[in-house]
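Trainee: Please take one part of this model and go through it closely. I would like to see how its charged side chains pair up, and what surrounds them.

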Amino acid sequence: MIIAIDGPAGSGKSTIAKLIAEDLGLVYLDTGAMYRLVTLKALNEGILGNLDKIVKMLDDLRIDIKKNGFYLDDTNVSEEIRKPIVSENVSDIAAIREVREKMVDLQRKFSESKNVILDGRDIGTVVFPNADVKIFLIADAKERANRRYKELVSKVENVKIEEIYENILKRDKIDSTRKESPLKKADDAIEVDTTSKNIEEVKNEILYIIKQKNKI
């Protein structure tokens with residue numbers, strides 16, 4: 001079984017996908033984190049903006065996901081990939097065709113012969129267009145910014161909510177207008193607005209959708 005959850009930054013995809021995976025005993029794959037790992041690698045090597053070097057870097061890319069931990073070159077970088085500097089650059093990296101092709105291939109290989117829930121921008125449109133259930137999460141941009149602000153502050157990050165809001169608007173524009181696999185709702189996806197809803201409400205709404213489709 002494949003469940004696809006797509007949506008813009010801060011709409012709650014990862015949080016909800018993890019909870020549903022736990023409730024239904026599914027394997028959870030955070031595809032957004034995969035793009036963050038590539039972004040961190042490019043940052044570490046000082047090659048942001050150099051397309052040729054980024055594409056060449058993909059040949060030696062070593063990333064892994066183990067027990068909800070994200071590894072780059074055998075080092076757990078779960079905290080590093082959530083830092084603002086990565087968030088500010090991940091949409092540009094994700095817009096590169098060769099990067100997307102590499103990630104989509106890895107996502108499909110990881111999901112073979114498993115009951116999986118994946119979240120991202122193009123899961124229901126490109127990665128798994130025949131997914132059993134497709135959800136498209138949306139939320140007001142200011143609320144999404146506030147959620148990310150609270151998350152980063154809880155990790156003692158020195159951030160300003162105005163900068164986070166601007167970054168979310170920028171990412172929305174890049175993600176929805178890029179040439180390669182743009183963020184968009186699949187024709188057969190069910191839209192769920194998470195604005196002003198708590199996590200439990202959203203989780204239960206999506207679980208109901210899954211049950212209605214007789215998938216559990």
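Mentor: Start with Asp-73. Its relative accessibility is 25%, so Asp-73 counts as partly exposed. Keep in mind that this is a predicted model. Asp-73 pairs with Lys-41 in a salt bridge, and their closest N and O atoms are 2.7 Å apart. The two residues come from distant parts of the chain, 32 residues apart. Lys-41 belongs to helix H2, residues 31-45. Asp-73 sits in the loop between strand E4 (69-72) and strand E5 (75-76). Is the lysine end of this pair buried or exposed? Lys-41 has 11% relative accessibility, so it counts as buried. The cut-off for buried is under 20%. This salt bridge therefore has a buried partner in Lys-41 and a partly exposed one in Asp-73.

Now place it in context. The structure holds 20 salt bridges. Two others are useful to set beside it. Glu-205 and Lys-197 meet through their side chains at 2.9 Å, N to O. Glu-205 is partly exposed at 29%, and Lys-197 is also partly exposed, at 30%. Return now to the lysine and aspartate you began with. Lys-41 and Asp-73 belong to one network with Glu-45, Arg-62 and Asp-74, joined by salt bridges that share partners. The other pair to note is Arg-97 with Glu-98, a salt bridge of 3.1 Å from N to O. Arg-97 has 38% relative accessibility and counts as partly exposed. Glu-98 is partly exposed as well, with a relative accessible area of 23%.

Next, follow the helix that carries Lys-41. H2 and H4 have axes that come within 9 Å of each other and cross at roughly 105°. H2 is therefore roughly perpendicular to H4. That label applies to angles of 65 to 115 degrees. Which residues make the contact? From H2 come Tyr-35, Arg-36, Val-38, Thr-39, Leu-40, Ala-42 and Leu-43. They meet Ile-85, Val-86, Ser-87, Asn-89, Val-90, Ile-93 and Ala-94 of H4. By class, this contact has ten nonpolar residues, three polar and one charged.

Then go on from H4 to its other neighbour here. H4 spans residues 84-94, and H8 spans residues 161-177. These helices pack at about 10°, with axes 9 Å apart. H4 and H8 are therefore roughly parallel. Angles under 35 degrees count that way. On the H4 side, the contact is made by Ser-87, Glu-88, Val-90, Ser-91 and Asp-92. Facing them in H8 are Asn-167, Lys-170, Arg-171, Ile-174 and Asp-175. The contact of H4 with H8 divides into two nonpolar, three polar and five charged residues. Read the two contacts together. The contact of H2 with H4 has one charged residue, whereas the contact of H4 with H8 has five. Ser-87 and Val-90 appear in the contact with H2, and they appear again in the contact with H8.

H8 holds another acidic residue to inspect. Asp-172 is found in this helix. At 16% relative accessibility, Asp-172 counts as buried. What does Asp-172 touch, leaving aside its neighbours within four places in sequence? The contacts are Pro-8, Ala-9 and Arg-144. Past the helix, Asp-187 lies in the loop between H8 and strand E8 (190-193). Asp-187 is exposed, with a relative accessible area of 85%. Its C-alpha atom is separated from that of Pro-129 by 10.0 Å, although the two residues are 58 apart along the chain.

Two loop serines deserve a check of the backbone. Ser-113 has a positive phi of about 60°, and it is not a glycine. Ser-113 lies in the loop between helix H5 (97-111) and strand E6 (116-120). At 83% relative accessibility, Ser-113 counts as exposed. Ser-196 also has a positive phi, near 65°, without being a glycine. Look for Ser-196 in the loop between E8 and helix H9 (199-212). Ser-196 is exposed, at 64%.

Finally, the frame around all this. An unreviewed UniProt entry annotates residues 3-212 as "domain: Cytidylate kinase". Over that range the chain is 52% helix and 16% strand. The end C-alpha atoms of the range are 14 Å apart.

Methods: Residues numbered from 1 in each chain as written. Predicted model: local features only at pLDDT ≥ 70, side-chain atom pairs only at ≥ 80, totals over all residues. Heavy atoms only, no water. Salt bridge = Lys/Arg side-chain N within 4 Å of Asp/Glu carboxyl O. Helix = DSSP H or I, 4+ residues; strand = E, 2+ residues; numbered from the N terminus. Buried < 20%, exposed > 50% of the residue type's maximum accessible area, 1.4 Å probe, protein only. UniProt positions renumbered as here; feature names shortened; annotations may be inferred. Axes fitted to C-alpha atoms, helices over the stretch in contact; angles between N-to-C directions. Parallel < 35°, antiparallel > 145°, perpendicular 65-115°, else oblique. Contact = heavy atoms within 4.5 Å. Nonpolar A, V, L, I, M, F, W, Y, C, P; charged D, E, K, R; others polar.
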